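Student: Could you take me through one part of this structure up close? I'd like to hear about a lysine and what sits around it, then a word on the acidic surface.

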Amino acid sequence: MKLITAIVKPFKLDEIRDSLSEVGIMGLTITEVKGFGRQKGHTELYRGSEYTVDFLPKTKIEVAVKDEEADSVIEAITKVANTGKIGDGKIFVSSLDQVVRIRTGELDEDAI
């Protein structure tokens, strides 16, 4: 089992959710986060004053999948999230040792 964590631009969330539904993914977790990579923030003007935005808003998507589904999930996210511009985000893949569905007590792949 894999935990796929994608950090993407917030306006891509609906498209990514639709793309994941098309490949059969029914559940995911979303978190609004802030961060920066190569973008290193930017400068904005507000009421005549200039200020620096160090951390940019991003959306973190987490999806637990069976090993054989991981590549299709990564492809679905990459295809939709790619704008070709800096700041498109990253995808991290981690191994899951155990998953437990609290309501039923199902374990591992049955719990996904």
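Tutor: Here's a walk from that lysine out to the acidic residues. Keep in mind that this is a predicted model.

Let's start with K58, which you'll find in strand β5. K58 is buried, yet it has no salt bridge. If you go looking for a side chain of opposite charge, the nearest is D88, and that's 7.2 Å away. That distance rules out a salt bridge with D88, because the pair would have to come within 4 Å. What the side chain of K58 does have is a backbone partner: one of its polar atoms lies 2.8 Å from the backbone oxygen of G87.

Now look at P10, in the loop between β1 (2-8) and α1 (13-22). P10 and K58 are 48 residues apart along the chain, but their C-alpha atoms are separated by just 5.4 Å. While K58 is buried, P10 counts as partly exposed because its relative accessibility is 38%.

On to the acidic surface. D67, E68, E109 and D110 gather there in a patch of negative charge. Take E68: it sits in the loop between β5 (56-65) and α2 (70-81), and with 59% relative accessibility it counts as exposed.

One last stop is D108, in the segment after β6 (89-95). D108 counts as partly exposed, at 29% relative accessibility. Its backbone is worth a glance too: phi is positive, about 50 degrees, although D108 is not a glycine. Most residues other than glycine have a negative phi.

Definitions and conventions: Residues are numbered from 1 along each chain as its sequence is written. This is a predicted model: local features need pLDDT of at least 70, side-chain atom pairs count only at pLDDT 80 or more; totals for chains, interfaces and linings use all residues. Side-chain values use heavy atoms; hydrogens and water are left out. Patches are made of residues with over 30% relative accessible area and no salt bridge: like charges are joined within 9 Å, nonpolar side chains (Val, Leu, Ile, Met, Phe, Trp, Tyr) within 5 Å. Accessible areas come from the Shrake-Rupley method with a 1.4 Å probe; for residues, only the protein chains shown count as cover. Lys and Arg count as positive and Asp and Glu as negative; His and the chain ends are not counted. The place of a charge is taken as NZ of Lys, CZ of Arg, CG of Asp or CD of Glu. Helices (H or I, at least four residues) and strands (E, at least two) are DSSP runs, numbered from the N terminus. Buried means under 20% relative accessible area, exposed over 50%, partly exposed in between (1.4 Å probe, protein chains only). A polar contact is a pair of N or O atoms within 3.5 Å; within protein, one must be able to donate a hydrogen and the other to accept it, and residues adjacent in sequence count only if both atoms are side-chain atoms.
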